[in-house]
Amino acid sequence: DKKYLIQIFENEFLQLIYEALNNFSANELIQDYGISTIKNILNLNIQNSEFQIKIVEIGFLNILKRALLNFVSNLTIQQSALAIIQDLVYNNVTNQNILNQTEYLSILFNIINSKKENVQQFAIGILQNLTFNHIQNRKIVSDFKFIPLIKSCLIDFINNQSIQQNILGTIWNLVIN
């Protein structure tokens with residue numbers, strides 16, 4: 001399985017996948033398959049910051065943003081898109097700096113505020129990764145009014161271990177020096 005995914009990356013199929021997702025942006029099945037494929041490829045390369053940056057440079061953030069806005073009722077697409085974004089900003093200052101822009105934070109805020117448990121873990125995980133080792137993003141997240149939202153999620157999802165872990169990780173990142 002992994003061998004084929006690595007070949008896709010090595011043979012630069014990423015650009016072709018991007019073009020398919022861009023050309024067929026209204027096709028839910030193509031979006032689902034394409035975004036899930038990128039998620040799987042990224043999972044193989046999570047420690048590779050060069051690969052994380054390449055995905056952003058190709059333009060996948062716009063694809064993911066559009067998918068989050070256009071396929072709100074498709075939890076698979078929502079989860080995959082959020083998981084990709086969470087991975088892209090994991091310990092990657094270059095991508096963290098891109099994702100701290102208002103347009104992405106607004107989408108993230110709305111997703112967290114929607115209280116859809118199936119996507120909460122990933123959305124809050126993005127906040128956790130955005131604030132990891134990034135003082136400026138800690139201030140941006142605080143100024144963007146995520147703190148009351150995080151508090152609300154801490155209460156609303158008290159029995160969900162994954163969400164609680166990401167919330168507490170985010171709080172930890174916000175309070176450390």
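**Helix packing and buried residues in a predicted model**

The axes of helix H11 (residues 146-156) and helix H12 (residues 161-175) cross at roughly 145° and come within 10 Å. The crossing of H11 with H12 is left-handed. On the H11 side, the contact is made by Ile147, Ile150, Cys153 and Leu154. On the H12 side, Gln164, Ile167, Leu168, Thr170, Ile171 and Leu174 take part. Eight of the residues in this contact are nonpolar and two are polar. None is charged. The model described here is a predicted one.

A second helix pair was examined in the same chain region as Ile35's partners, described below. Helix H5 (residues 60-70) packs against helix H6 (residues 75-88) at an angle of about 145°. The axes of H5 and H6 lie 9 Å apart. Their crossing is left-handed. H5 contributes Leu61, Leu64, Ala67 and Leu68 to the contact. H6 contributes Ile77, Gln78, Ala81, Leu82, Ile84, Ile85 and Leu88. The contact of H5 with H6 holds ten nonpolar residues and one polar residue, with no charged residue.Ile35 belongs to helix H3 (residues 28-44). Ile35 has a relative accessible area of 1%, so this residue is buried. Beyond its neighbours within four places in sequence, Ile35 is in contact with Leu21, Leu64, Ala67, Ile77, Ser80, Ala81 and Ile84. Leu64 and Ala67 are among the H5 residues that meet H6. Ile77, Ala81 and Ile84 are among the H6 residues of that contact. Ser80 lies 45 residues from Ile35 along the chain. The C-alpha atoms of Ile35 and Ser80 are nevertheless separated by 6.4 Å.

The largest nonpolar core has 50 residues. Leu82, Ile112 and Phe146 have the most contacts inside this core. Leu82 is also one of the H6 residues in the contact with H5. Ile112 touches Phe146. Its other partners, not counting residues up to four places away in sequence, are Gln120, Ala123, Ile124, Leu127, Leu149 and Cys153. Cys153 also takes part in the contact of H11 with H12. In soluble globular proteins, nonpolar side chains tend to be buried together.

Helix H9 (residues 117-131) holds Thr131. Leu130 is found in H9 as well. Thr131 is buried, because its relative accessible area is 0%. The side chain of Thr131 makes a polar contact with the side chain of Asn173, at 3.3 Å. Leaving aside neighbours within four places in sequence, Thr131 is in contact with Asn137, Arg138, Val141, Thr170, Asn173 and Leu174. Two of these residues, Thr170 and Leu174, belong to the H12 side of the contact with H11.

Leu130 has 1% relative accessibility and therefore counts as buried. Not counting residues up to four places away in sequence, Leu130 touches Val89, Gln96, Leu99, Asn100, Leu105 and Asn137. The C-alpha atoms of Leu130 and Val93 are separated by 8.4 Å. Along the chain, Leu130 and Val93 are 37 residues apart.

Asn100, a partner of Leu130, is found in the loop between H7 and helix H8 (102-113). Asn100 counts as buried because its relative accessibility is 14%, and the cut-off for buried is under 20%. The side chain of Asn100 makes a polar contact with the side chain of Asn137, at 2.7 Å. Besides Asn137, Asn100 touches Leu105, Leu130, Gln136 and Ile140, not counting residues up to four places away in sequence. Asn137 is also in contact with Thr131 and with Leu130.

Two loop residues have a positive phi. For Asn91, phi is near 50°. Asn91 sits in the loop between H6 and helix H7 (93-99). Its relative accessibility is 49%, so Asn91 counts as partly exposed. For Lys145, phi is near 75°. Lys145 sits in the loop between helix H10 (135-143) and H11. Lys145 counts as exposed because its relative accessibility is 55%, and the cut-off for exposed is over 50%. Both values are positive in a residue other than glycine. Most residues other than glycine have a negative phi.

Note on methods. Residues numbered from 1 in each chain as written. Predicted model: local features only at pLDDT ≥ 70, side-chain atom pairs only at ≥ 80, totals over all residues. Heavy atoms only, no water. Core = buried A, V, L, I, M, F, W, Y, C linked by side-chain atoms within 4.5 Å. Buried < 20%, exposed > 50% of the residue type's maximum accessible area, 1.4 Å probe, protein only. Contact = heavy atoms within 4.5 Å. Axes fitted to C-alpha atoms, helices over the stretch in contact; angles between N-to-C directions. Helix = DSSP H or I, 4+ residues; strand = E, 2+ residues; numbered from the N terminus. Left-handed = near helix turned anticlockwise from the far one by under 90°. Nonpolar A, V, L, I, M, F, W, Y, C, P; charged D, E, K, R; others polar. Polar contact = N/O pair within 3.5 Å; in protein donor to acceptor, adjacent residues only side chain to side chain.
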